[in-house]
Amino acid sequence: MTLREIAGVTGARLADVRDPEAPVTAPSAVDSREVAPGGLFAATAGARVDGHDYAERAVAAGAVAVLASRPVGVPALVVEDVQVALGLLARHVLGRIGPVVIGLTGSVGKTTTKDLLAQVLERHGATVATDRSFNNELGLPLTVLRADAATRYLVLEMGAGRKGDLTYLTGLAPPRVGLVLNVGSAHVERMGGGLADVAQAKGELVEALPPDGIAVLNADDPYVAAMEGRTRAGVVWYGRSARASVRAEGVRLDDRARAAFELVTPSGRAAIGLGLMGEHQVGNALAAAAVASALGLDVTDIAGGLNAARRRSGGRLEIAERPDGVTVVNDAYNANPESMRAGLRAVRALAGGRRTVAVLGAMGQQAEASRARHAEIGALVAELGFGVLIAVGEGDPRALADAARAAGQGVAVHTVADVAGAIGLAGALLEPGDVVFVKASSEIGLSACARALSGAS
Ligand SMILES: Nc1ncnc2c1ncn2[C@@H]1O[C@H](COP(=O)(O)OP(=O)(O)OP(=O)(O)O)[C@@H](O)[C@H]1O
Ligand SMILES: [Mg+2]
């Protein structure tokens, strides 16, 4: 599209533009370091920096113009609200190129499942999928704007931090297929405090589907199963329960905690051996398989994609092997009770007879139940037979530590005030052969601990 056309779609005024017919030929970016030559730079104000200060740098890096809320001295499309304009542009572009849009949401596993699904679909047709966790009102339009006329499948991770978020996102990119993974306690605080509130928010995805669309639902999650009544689309079920038409039989874990099973679909069966760690990946893989199956892919193709799939996003059960025989499992990207439990179990499965050390910090946004949810994790650490627990931070992590101590089972429990304390203590405690698991909500910053323990800087 030319700058003039984009101005028409977004209601922008051109400022400092010499050639309104200059075409935009590349995706958009909000980070000047990620500008592609021929693309647009969208200047948004974050908590720490204002994109308008980077306008010149973005144009020097090849941006044709800046989508901005004020003139910036370089070619700009000036709008009232950059985020809204980006959304309007994405909506318009999507209407012109018409790929199959797949929206997926859930409390945990969106990025992991999106990566799996993309690795299945891209063997079948040109696929654009959300980068990292670009799943909000800014990341979603940026993803859409990476698609072009050759794109067959557009896989969009959709985050719901509040009621109404998915209605907004599905308005920008109306999906034909909507996948809901699970309803858990991530962001429960912001959504009203209870799982029913979370379900209300996540179900907006299936409410947005057209009558000829497909809702792909997790049959094993009662909150997700209840969404059947909120959609006009046809429903495809996946999971372990008998009603699921896409399911796993004979699930087992190898000595790297990777699951193998027989995938059952309406078009036949195939053997699956996942490259990802943890039994919880079975559900993620089934979700990806159910979407692909609903889109008409053959079970052999689906299995080929799943079996070749590898972890694409960091900080999620990312394994580093140290020369001294210590295995570091970095899951510090984020945390909530569901992913804590899945991670702890996966690490125990991976460790076999080796000693396991858990370095755990707070799980954020857990509302009134926060202390109790932390205590449950502490009890699980003890029950699973972890050798050492290092609880990082004051408050809830102390409740986690107390519960682990109270459960007995021989776990050595330590508490430290902060990340630096965790790095120091874990560094001193680790012995050759240990498996160390590092996890907390992202704002705790425990990924620095995982990096330090891995030997990276
Ligand atoms: N099905 C699952 N059940 C429980 N935990 C899971 C599941 N899938 C992934 N996880 C764990 O949850 C955490 C987050 O995974 P992932 O990034 O895939 O989720 P997400 O839904 O995209 O998160 P976000 O809302 O932060 O974007 C990781 O620790 C991962 O190992
Ligand atoms: Mg994500």
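**Exercise 1. The magnesium site**

Identify the residues that coordinate the magnesium ion (ligand 2) in this predicted model, and determine which parts of the chain they bring together.

*Solution.* Step 1: the magnesium ion (ligand 2) is coordinated by Thr-111 through OG1, Ser-133 through OG and Glu-157 through OE, at 2.1 to 2.2 Å. Step 2: along the chain, these donors follow the spacing T-x21-S-x23-E. Step 3: Ser-133 lies in the loop between β7 (127-129) and α5 (139-144), while Glu-157 belongs to strand β8 (residues 153-157), so the pair ties together parts that are 24 residues apart in sequence. Step 4: Glu-157 has a relative accessible area of 1% and is therefore buried, the cut-off being under 20%.

**Exercise 2. Strand β9 and its neighbours**

Establish which strands pair with β9, and in which sense.

*Solution.* Step 1: strand β6 (residues 100-105) is joined to β9 by four bridges, and the two run parallel. Within this pairing, Thr-105 stands opposite Val-180 of β9. Step 2: β9 is also joined to strand β10 (residues 214-218) by four bridges, again in parallel. Here Leu-179 has Val-216 of β10 as its bridge partner. Step 3: consider the side chains of β9 (residues 177-180). Val-177 and Leu-179 point one way, Gly-178 and Val-180 point the other way, and all are buried.

**Exercise 3. The five-stranded sheet**

Give the strand order of the open sheet of five strands and explain why β1 and β2 each have a side without a neighbour.

*Solution.* Step 1: the order is β1-β5-β4-β3-β2, with mixed pairing. Step 2: β1 (13-15) and β2 (28-29) stand at the edges with a single partner strand each, so one side of each has no neighbour in the sheet. Step 3: β1 pairs with β5 in the antiparallel sense over three bridges. In that pairing, the bridge partner of Ala-15 is Ala-76 in β5.

**Exercise 4. Thr-143: buried or exposed?**

Classify Thr-143 by accessibility and list its contacts beyond four places in sequence.

*Solution.* Step 1: Thr-143 is found in helix α5. Step 2: its relative accessibility is 1%, so Thr-143 counts as buried. Step 3: leaving aside residues up to four places away in sequence, Thr-143 touches Val-128, Ala-129, Thr-130, Phe-134, Leu-154 and Leu-156.

**Exercise 5. Salt bridges**

Describe the salt bridges of Glu-207, Arg-243 and Arg-247, with the accessibility of the residues involved.

*Solution.* Step 1: the model has 22 salt bridges. One of them joins the side chains of Glu-207 and Arg-230 at 2.9 Å, N to O. This pair links distant parts of the chain, 23 residues apart: Glu-207 is in helix α9 (residues 204-207), and Arg-230 is in the loop between α10 (222-225) and β11 (234-238). Glu-207 is partly exposed at 37%, as is Arg-230 at 21%.

Step 2: Arg-243 forms a salt bridge with Glu-228, with the closest N and O atoms 3.6 Å apart. Arg-243 lies in the loop between β11 and β12 (247-253) and Glu-228 in the loop between α10 and β11, so the pair ties together parts 15 residues apart in sequence. Arg-243 is partly exposed at 45%, and Glu-228 at 38%.

Step 3: for Arg-247 and Glu-249, the closest N and O atoms of the salt bridge are 3.7 Å apart. Salt bridges that share partners join Arg-247, Glu-249, Glu-262 and Arg-269 into one network.

Technical notes:
Residues numbered from 1 in each chain as written. Chains lettered and ligands numbered in written order. Predicted model: local features only at pLDDT ≥ 70, side-chain atom pairs only at ≥ 80, totals over all residues. Heavy atoms only, no water. Buried < 20%, exposed > 50% of the residue type's maximum accessible area, 1.4 Å probe, protein only. Pairing = 2+ DSSP bridges. Donors = N, O, S within 2.8 Å, 3.2 Å for Na, K, Ca; no water. Contact = heavy atoms within 4.5 Å. Salt bridge = Lys/Arg side-chain N within 4 Å of Asp/Glu carboxyl O.
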